[in-house]
Each structure stands twice: as structure tokens, then as C-alpha cells.
Amino acid sequence: MTLPHPPVYQEYYARTPFQLFSGVGWKRLVAFRADESGVTLGGPVTRYRRFTALVPWRDIEAVVLWSTKKTMERPIRRIGLKLRPGVPDLPGPNQRLTPQLAASIAPHVEYEVIKNSRFVGFWKVDHPRLFTAMRTFAPHVQLRVHPVYKGLPSGPGSKLGNDSGGSIFDILP
């Protein structure tokens with residue numbers, strides 16, 4: 001009996017014209033891959049080669065999926081890795097992220113996971129296939145899926161209501 005999907009799980013970024021102008025050409029870029037050697041997190045298209053990282057399964061405690069959402073916005077989806085103690089952080093766009101900024105973005109996710117994460121954009125996570133790959137290649141690694149965190153918008157005029165001190169009549173002509 002053959003499996004309906006091979007246990008290797010791989011997703012590619014959708015091709016966009018921006019990819020041509022960023023210097024990586026028109027080839028298919030791997031956004032995420034889970035196979036026998038570990039997890040590959042693809043870098044952003046603009047710095048793909050510099051930020052792509054392959055992490056062996058022995059260095060990973062958990063693969064973490066989460067989303068954040070502000071009012072009237074689409075959820076911002078992310079995938080990150082909880083690394084074992086002593087494993088250095090991955091190269092990536094979040095390396096200069098401060099703990100305070102990380103807590104304001106996603107207070108329900110650990111700072112180290114946010115630093116070692118990627119934005120899920122121009123590709124989608126297939127949860128059953130990811131789960132199958134992880135159970136096949138690394139049954140000791142957890143898959144954590146957080147519910148959507150609904151943050152409150154910040155800034156002036158973002159808290160109109162009974163306790164804000166303002167009302168709808170303050171902005172009407």
C-alpha cells in the first residue's frame with residue numbers, strides 16, 4: 001500500500017515578478033521543507049540565499065505555528081522553530097528583534113521562537129502533511145499550533161468606546 005502523499009513535506013513560494021528583479025531568477029524557491037535531514041526554512045525572496053537555514057531534527061524541540069490579527073485585518077501567519085538549549089539562533093530577518101517588540105507582536109509565543117521564524121506569505125501550510133512528515137522523520141519533535149491572537153490596534157482613535165474618553169460624535173461634522 002502506498003501513502004497518498006510522500007512523507008517529505010515541501011512548500012514553495014508562489015512566483016512573482018518581484019522575484020525576477022530581486023536577483024534570484026524565476027526558479028521555484030523552497031519556503032519550507034521537512035524531510036529526513038531536518039527542517040529547511042527558506043529566507044525572504046529578497047535575501048533568500050543569505051537567510052535560508054537547514055536545521056537538523058536533533059536541534060529542534062518544536063515546530064510552532066501561530067497567527068496574529070488586528071481588527072479588520074487578515075491574519076498574519078508565521079511558522080517558527082523552538083530550538084534546543086545551546087543551539088545558535090538561525091540567520092533570518094528577525095535577528096535584531098527585541099524582546100519588547102516580540103512581546104507586542106505575539107505575547108503568546110516565546111521570544112526565541114519568534115526570532116527563529118518566518119512569515120507564511122505567498123505559500124500555505126498543509127497541516128496534515130506537515131504532521132505526517134514530522135511523525136515519520138522526528139516523532140520526538142512537537143507540533144504546536146496556537147489559535148489566532150487578536151491584538152488590539154494601537155494609536156490615536158483606536159479605542160473609541162465607553163472607556164476611551166471619546167465618542168463617535170467627536171469625529172462627525
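1. The structure holds three aromatic pairs. Keep in mind that this is a predicted model. A pair of aromatic rings is described by the distance of the centres and the angle of the planes.

2. Start with Y9 and F32. Their ring centres lie 5.9 Å apart. The planes meet at 55 degrees, so this pair is tilted. Tilted pairs are those that fall between the cut-offs of 30 and 60 degrees.

3. Now look at where these two residues sit in the chain. Y9 belongs to strand 1, residues 9-12. F32 belongs to strand 2, residues 30-35. The two are 23 residues apart, so the pair links distant parts of the chain.

4. Are these residues buried or exposed? Y9 has 0% relative accessibility, so Y9 counts as buried. F32 is buried too, with a relative accessible area of 0%.

5. F32 also pairs with W123. Here the centres are 6.2 Å apart, with 10 degrees between the planes. That angle is under 30 degrees, which means the pair counts as stacked.

6. This second pair also links distant parts of the chain. F32 is in strand 2, while W123 is in the loop between strand 7 (117-119) and helix 5 (127-137). They are 91 residues apart. W123 is buried, as is F32.

7. Put the pieces together. Y9, F32 and W123 form one aromatic cluster. F32 takes part in the pair with Y9 and in the pair with W123.

8. One more ring deserves a look. Which residue lies over the face of Y12? R28 does, at 3.7 Å from the ring centre.

Methods: Residues numbered from 1 in each chain as written. Predicted model: local features only at pLDDT ≥ 70, side-chain atom pairs only at ≥ 80, totals over all residues. Heavy atoms only, no water. Phe/Tyr/Trp six-rings, centres within 6.5 Å; stacked < 30°, edge-to-face > 60°. Helix = DSSP H or I, 4+ residues; strand = E, 2+ residues; numbered from the N terminus. Buried < 20%, exposed > 50% of the residue type's maximum accessible area, 1.4 Å probe, protein only. Lys NZ or Arg CZ within 6 Å of the ring centre and 35° of its normal.
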